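Welcome! Let us work through a few short exercises on how two chains meet, with each solution taken step by step.

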Amino acid sequence: MSKRSRPNLISRRRFIKIGGTGAVAVLAASCVPATPAAPAAPTAAPAVKPTAAPAASGAGKPGGQIRYAMNNEPDSLDPAKTAQASAFNVMMNLYDTLIWQDPGDLQYKAGLAESWQSSADGLTHTFKLRKGVKFHDGTPFNAEAVKFNFDRYADPATKSPSSTAKLGPYAGTRVVDEFTAEVTLKTQYAAFYDSLAQTWLSMASPTAVKKFGDDFGRNPVGTGPMVFKEWVAKDRIVVVRNADYAWGPAFWNHTGPAYLEQITFVGISENGARLTAFESGELQVMETVPEGDFDRLKKSGKYQMVVARTPGSPMSIYMNTEKAPFNDINVRKAILHGLNRQELINAAFFGLYSAADTPIADNTLHHAKKGVGMYPYDMEKAKKLLDDAGWKAGPDGVRVKDGQKLVIDFVDLTTYEPKVVATQALLKPLGITVNVKVFDQATRVSMGHKGEGNMFSTALIDSDPGAIQLVFHSRNLGGFDWSRIKDADLDKLLDDQAKEPDAAKRAALLEQVVMKIMENAWVYPIYNFARLFGVSPKVKGFRTHPLGSYPYLYEVSLE
Amino acid sequence: MGTYILKRLLATIPILIGISALVFFSLKLVPGDPLTAIVGDGVISQEQAAQLRAQYGLDDPLHVQYFRFVERAIQGDLGRSLQFKRPVVDEIRSQLPATLQLTLAAMVVALTVGLSLGIVAALRPGTWLDSGAMALALAGVSFPSFWVGLNLLLIFSLALGWLPATGTEGFERLIMPAGTLGFGAAAIIARLTRSSLLEVLRQQFITTARAKGLGFARVVLRHALRNAIIPVVTIVGLQFGNLLAGAVVVETVFSRQGIGRLLVTAILGRDFPLVQGVVLFVACVYVGVNLLVDISYALIDPRIRYA
């Protein structure tokens with residue numbers, strides 16, 4: 001941190017939702033027992049484009065090991081104690097979830113739960129568990145283990161930065177019999193199944209959690225395809241194949257144990273060092289390839305270069321509506337019309353990403369098509385909007401109003417500097433001066449929270465669209481509501497969609513949310529967020545999880 | 001001598017208290033929230049942020065937090081890292097061997113290269129040997145270590161493929177980091193050795209030694225160098241501190257384990273307990289090394305006595 005933190009060109013953002021939201025779209029078909037293969041998302045859902053590559057055909061060769069570089073070392077491998085992407089990466093191999101989201105059709109499929117059923121009110125969910133599953137330490141997996149894990153994730157004493165929020169309005173788990181667990185919720189919760197498919201709510205060995213206590217994060221024990229071997233702090237994390245593994249989701253490219261014998265994860269924050277290690281053949285997979293180098297490596301033709309899109313909200317510029325000049329809607333509209341999106345993507349990111357112009361990405365449930373194309377690039381219109389707003393061109397080309405120059409502070413992460421500089425260049429012809437203000441992650445987040453600056457940027461990664469409340473709901477003012485929106489109507493729409501059990505109605509509400517945001521020009525979406533991977537040509541079967549694009553290393557084999 | 005050491009040790013207590021207070025309160029002046037250490041790059045709601053702040057005691061007034069820290073530190077407990085969720089002491093302990101290995105190896109490089117260059121230059125003043133050695137020393141002082149490190153990576157890892165670019169284990173992973181770190185220190189040692197040795201070589205006892213028929217090598221190594229080395233020892237002690245500081249950069253460039261990289265991660269993540277712990281630890285090392293240097297004077301130069 002990252003992290004940073006960590007000089008990473010593309011920082012990862014994830015999305016942790018607070019609880020207390022409403023019924024899931026998934027529950028639209030409530031009372032109908034969901035079978036593993038049954039589509040869990042409503043059929044009325046707008047077209048959702050799967051972004052993951054299809055599963056590799058043909059069986060891989062078992063054996064071998066890879067070295068996998070992330071841009072920072074995880075903080076903990078206890079699902080309850082971390083919120084970091086790098087930890088998710090490693091944990092996906094160590095733990096299983098009750099259900100999985102299929103990267104092919106984005107539906108929920110059986111994991112440690114073979115089938116599940118929801119009550120009519122959407123508050124009770126009964127899971128039939130798979131038999132014969134064992135944790136790496138020999139502890140049997142059963143309903144008691146489910147109860148133990150969920151109770152722990154819900155307990156405030158666990159101090160979890162992710163799991164508690166993911167579990168939402170959890171009320172409790174009842175052990176019906178050894179392989180049946182009944183989870184009850186206090187209120188309807190739209191993102192419940194979505195959350196269950198994420199590693200933050202995966203199943204840890206109760207025996208090991210009790211044994212290691214606070215140190216469980218350094219001694220993780222799950223049921224996953226890989227077993228934790230060692231963690232040499234600031235050097236490497238080694239996981240080895242679980243020979244007993246036989247309970248992966250059906251959509252994986254094979255059954256039984258993983259192909260790879262061993263995976264060594266290393267955290268290399270320095271971009272130059274990570275690239276050198278990758279290009280010299282020391283690493284088989286490299287995450288967070290800087291855009292410029294991605295382009296170069298791709299052109300070399302020597303590697304598999306993967307752009308893995310994430311769902312959620314695109315990388316966007318948030319305009320501080322509390323301060324001049326963005327307290328004036330016309331100035332915000334001038335930015336939406338006058339900042340050339342494609343040129344920005346070309347100049348700052350080598351044209352690697354696809355353009356996005358609404359707050360819910362088009363690979364996400366309930367993406368609102370109606371909001372697309374509302375602000376076509378139109379320099380003359382932008383100039384007129386500024387003229388009308390009273391910002392007249394000054395002698396040096398910079399616009400002036402009441403003796404004040406049109407100057408904007410763009411506060412961002414150091415590694416995002418190309419984006420800020422490109423924005424500066426592209427807004428200059430409009431008579432707007434952009435000050436480049438780049439900082440480390442902690443500083444710029446704190447400045448965003450306090451509104452110290454005019455422009456901020458972030459992307460959000462989440463498979464549920466309701467998560468955009470984090471950046472648009474007024475209860476997050478002082479937090480990630482960086483446009484500083486305080487709009488009662490928008491708040492109500494956001495609250496209503498979270499509670500709406502009917503998929504079509506929820507989609508309509510989310511469309512209203514998107515339209516309201518775009519009509520008010522509160523945000524300038526730039527591009528669909530993606531993570532960039534460099535993969536050695538020897539690696540076969542590389543594809544990624546729909547959320548946050550974490551690779552399924554279980555499927556990977558070596559030539 | 002015993003009393004002297006005891007006095008010096010007692011004098012470190014106020015130093016450490018001063019440092020801890022300085023670090024603690026200056027950290028609070030830096031923008032950024034320690035919540036960053038807990039949630040990393042995650043985006044969280046305000047409700048969740050408030051809960052976490054309360055759970056980790058980050059809402060308490062500053063002085064309360066500081067005295068809680070001091071109270072624990074006196075009992076040898078430096079608290080838990082917000083980021084890595086384990087005791088700060090464990091974090092330091094796990095990173096210490098790698099940093100010690102790196103600084104010692106760098107010191108060996110610095111002394112070998114520095115002393116050799118210095119002696120060669122002093123024995124042939126004004127020649128091309130002297131100019132060459134001093135030019136190299138100038139380069140060592142001038143080039144920043146991240147630049148040297150990245151260039152070594154480009155040459156030896158990427159172009160030639162001789163040495164691994166990252167990691168900690170094994171001798172081959174130590175060569176480039178130790179070379180990078182030692183190069184800067186070698187430069188200073190070389191210059192100082194040269195000037196100090198030149199001065200000593202001009203003194204009468206050297207002429208006497210030569211006159212009584214002692215061999216050249218014996219005169220230089222036993223008589224001249226022993227006298228010339230005292231200022232060098234001082235600078236070596238100080239350099240040890242610089243090496244620790246330099247490890248911050250070098251460990252990051254080469255993605256090595258170590259205290260330096262730990263500190264960078266801690267600062268960027270606003271992991272206050274970890275920053276506190278590491279800085280206090282490094283301060284102790286500085287104080288300790290300085291004490292050792294002072295003691296070593298007495299051993300090298302019998303005229304120096306402490307009471």
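**Exercise 1.** Find how many residues each chain brings to the contact.

*Solution.* Start with the rule: contact means heavy atoms within 4.5 Å. Chain A then gives 56 residues and chain B gives 47 residues. Next, look at who contributes area: Lys159(A), Lys234(A) and Thr276(A) supply 16% of what chain A buries against chain B, more than any other three residues. Buried area here is the accessible area (1.4 Å probe) that two parts lose on being put together, summed over both. Finally, the area buried between the chains is about 4200 Å², with 54% from carbon and sulfur atoms.

A note on the model: it is predicted, so local features need pLDDT of at least 70 and side-chain atom pairs pLDDT 80 or more, while totals for chains, interfaces and linings use all residues. Residues are numbered from 1 along each chain as its sequence is written, chains are lettered from A and ligands numbered from 1 in the order written, and side-chain values use heavy atoms, without hydrogens and water.

**Exercise 2.** Count the salt bridges between chain A and chain B, and locate one.

*Solution.* A salt bridge needs a side-chain nitrogen of Lys or Arg within 4 Å of a carboxyl oxygen of Asp or Glu. The count is seven. One of them joins Lys85(B) and Asp75(A), at 3.1 Å from N to O.

**Exercise 3.** Work out how much of chain A is buried.

*Solution.* Buried means under 20% relative accessible area (1.4 Å probe, protein chains only). Of the 559 residues of chain A, 65% pass this test.

Notes. Buried < 20%, exposed > 50% of the residue type's maximum accessible area, 1.4 Å probe, protein only.
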